[in-house]
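Q: Could you take me through one part of this model up close, and then set that part against the rest of the chain? I'd like one connected walk rather than a list.

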Amino acid sequence: MSRTPLRTPTGLPEWISPIINIVTGQLLALHLAHTRDFDVDQPRGLRKVTETR
């Protein structure tokens with residue numbers, strides 16, 4: 001359904017291809033967030049709570 005396919009390297013061993021695809025997807029998400037002017041360091045709806053006693 002997309003207009004622009006994401007090309008990944010071919011000819012790699014099967015065990016390493018998921019790693020390459022994960023990195024490609026993460027970079028895509030980062031660039032989309034920057035394009036939409038989202039703050040990638042403080043995503044909306046995600047908070048880290050740390051308790052110190």
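A: Let's start with the surface. Trp15, Ile19, Val23, Leu27, Leu30 and Val40 together make a nonpolar patch of about 570 Å². Keep in mind that this is a predicted model.

Take leucine 27 from that patch. Leucine 27 sits in helix H1, and its relative accessible area of 44% makes it partly exposed, because the partly exposed class runs between the under-20% cut-off for buried and the over-50% cut-off for exposed.

Now the helix itself. H1 covers residues 17–35, which is 19 residues, and at 1.5 Å a residue it should span 27 Å. The C-alpha atoms at its ends are indeed 27 Å apart, so the expected and the modelled span agree.

Two other residues of H1 are worth a stop. Asparagine 21 is in the helix too, and at 40% relative accessible area asparagine 21 is partly exposed. Alanine 33, also in H1, is another story: its relative accessible area is 13%, so alanine 33 counts as buried, given that buried means under 20%.

What does alanine 33 touch, once its neighbours within four places in sequence are left aside? The contacts are Phe38 and Val40. Val40 has already come up, as one of the residues that make the nonpolar patch. A little further along the chain, proline 43 is 10 residues from alanine 33 in sequence, and their C-alpha atoms are 9.7 Å apart in space.

Between those places comes aspartate 37, in the segment after H1. Just after the helix, this residue takes a positive phi of about 60°, and it does so although it is not a glycine. Aspartate 37 has 68% relative accessibility, so it counts as exposed, with the cut-off for that class at over 50%. Looking back to asparagine 21, the two residues are 16 apart along the chain, and 24 Å separates their C-alpha atoms.

Finally, step back to the whole protein. It has one helix and zero strands. Its radius of gyration is 16 Å, well over the 10 Å that the globule rule gives for 53 residues, so the protein is more spread out than a compact globule. Along the principal axes, the C-alpha atoms fill a box of roughly 50 × 30 × 15 Å. Buried residues make up 2% of the 53 residues, and alanine 33 is buried. The protein exposes about 5,800 Å², with carbon and sulfur atoms supplying 56% of that area.

Terms used. Residues numbered from 1 in each chain as written. Predicted model: local features only at pLDDT ≥ 70, side-chain atom pairs only at ≥ 80, totals over all residues. Heavy atoms only, no water. Helix = DSSP H or I, 4+ residues; strand = E, 2+ residues; numbered from the N terminus. Expected span 1.5 Å × (residues − 1). Patch = residues over 30% accessible without salt bridge, like charges linked within 9 Å, V, L, I, M, F, W, Y side chains within 5 Å. Areas by Shrake-Rupley, 256 points an atom, 1.4 Å probe, with all protein chains shown as cover. Salt bridge = Lys/Arg side-chain N within 4 Å of Asp/Glu carboxyl O. Buried < 20%, exposed > 50% of the residue type's maximum accessible area, 1.4 Å probe, protein only. Rg over C-alpha atoms; globule rule 2.2 N^0.38 Å. Contact = heavy atoms within 4.5 Å.
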